[in-house]
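Morning, everyone. I have one structure to show you today, and two topics. Here it is.

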Amino acid sequence: MIPRKLIDKLRASERILVLTGAGISAESGLATFRDPGGHWDQYRPEDLANEEAFRRDPKLVQGWYAARRKAILAALPNPGHLALAALSSAVPELTLVTQNVDRLHQRAGSEKVIELHGNIHQFYCIECGLEAPESAFSVMDAGKVASCANCGGLIRPAVVWFGEALPKQALDEAWARAEVADVLLSIGTSGLVYPAAHLPMVAKRRGAFLVEINVTPSALANEMDLVLGGKAGEVLPALLAALQTHKNV
Ligand code: OAD
């Protein structure tokens with residue numbers, strides 16, 4: 001299942017960059033965005049994931065993010081997240097960059113995770129920036145609009161919305177790691193959202209070996225040196241096992 005060439009590349013590599021997307025959390029029971037039944041099947045991104053939509057209908061937007069946060073808190077990291085956390089101890093250097101806001105990588109034990117699209121666990125005031133207390137989540141879970149205790153402004157999730165810049169430090173760091181990576185694993189992402197989808201190309205230009213793990217070929221599949229079709233929660237544990245077996249030979 002795992003080509004020997006990939007094991008050899010990983011064994012010889014000094015710097016691995018992993019880019020993950022919603023697909024890695026699918027086996028934790030969390031919906032992706034663009035698969036059938038995904039979030040963007042139910043809603044149009046422009047009705048939910050931008051500031052204008054938020055100001056127009058804060059109850060809808062807060063409620064949607066609060067419900068997602070609740071589902072995420074009830075979910076568990078799956079074998080894909082766990083294998084990636086273990087992989088970082090099995091190789092010299094692994095940088096994990098995610099587009100996910102669920103923090104399941106951290107819960108699986110990955111210590112340093114570069115979050116390109118923020119995280120859904122923090123909310124802050126859109127006017128004064130004050131972080132919302134835990135009690136705000138009970139308000140939103142009850143279907144009411146939560147506002148800032150300091151200034152009365154609306155509170156919003158600490159995620160990146162359409163039309164907003166990615167957190168500069170996270171993007172700079174991810175870009176810099178892509179430029180020096182010798183292997184890049186692109187896992188469970190459609191490769192349709194930029195600038196995250198640039199990272200494999202940045203790595204490729206510098207000579208990295210690109211690998212995709214996905215149940216269906218992504219928009220970037222043709223750029224890959226190797227495409228492993230399958231679920232991240234099955235392929236990644238197999239990859240880890242193959243790497244460890246080979247190491248002991
Ligand atoms: P998408 O929903 O666009 O793509 C999910 C990908 O995961 C698809 O390519 C699926 O084939 C794949 N997939 C599904 N289940 C899988 C599994 N078990 N194992 C491996 N692959 C699987 O999600 P992203 O690419 O993460 O942005 O979307 C990128 C961004 O678009 C998100 O971060 C979000 C969204 O709009 C913001 O909200 C800013």
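Start with the pocket. The ligand takes up the space of the largest pocket. Keep in mind that this is a predicted model.

So who surrounds the ligand? There are 24 residues around the ligand. The closest are Phe33, Arg34, Thr189, Ser190 and Asn214. Now the classes. The shell holds 9 nonpolar residues, 11 polar ones and 4 charged ones.

Next, the polar contacts. I'll take three, each to an oxygen atom of the ligand. At Phe33, a polar backbone atom is 2.7 Å from a ligand oxygen. So Phe33 appears twice in this talk: among the closest residues, and here with its backbone. At Gln99, again a polar backbone atom, the distance to a ligand oxygen is 3.3 Å. His117 uses its side chain: an N or O atom there is 2.8 Å from an oxygen of the ligand.

How much of the ligand does the protein bury? On its own, the ligand exposes 800 Å². The protein buries 93% of that.

Second topic: cysteines. How many disulfides does a search of the whole structure find? The count is 0.

Look at Cys125 and Cys151. Why is there no bond from Cys125? Its closest cysteine sulfur is the one in Cys151, at 3.5 Å, and that is too far for a bond. The cut-off for a disulfide is a sulfur pair within 2.5 Å. Seen from the other side, Cys151 is in no disulfide either, and its nearest cysteine sulfur is that of Cys125.

What about their surroundings: buried or exposed? Cys125 is buried, at 1% relative accessible area. Cys151 is partly exposed, at 41% relative accessibility.

To recap. The ligand sits in the space of the largest pocket, with 93% of its exposed area buried by the protein. Disulfides: 0. Questions, please.

How values were computed: Residues numbered from 1 in each chain as written. Predicted model: local features only at pLDDT ≥ 70, side-chain atom pairs only at ≥ 80, totals over all residues. Heavy atoms only, no water. Near = heavy atom within 4 Å. Polar contact = N/O pair within 3.5 Å; in protein donor to acceptor, adjacent residues only side chain to side chain. Areas by Shrake-Rupley, 256 points an atom, 1.4 Å probe, with all protein chains shown as cover. 1 Å grid on protein atoms, 1.4 Å probe; cavity = no way out; pocket = protein on both sides within 12 Å on 5 of 7 lines; lining within 4 Å. Sits in = over half its atoms within 2 Å of the grid points. Nonpolar A, V, L, I, M, F, W, Y, C, P; charged D, E, K, R; others polar. Buried < 20%, exposed > 50% of the residue type's maximum accessible area, 1.4 Å probe, protein only.
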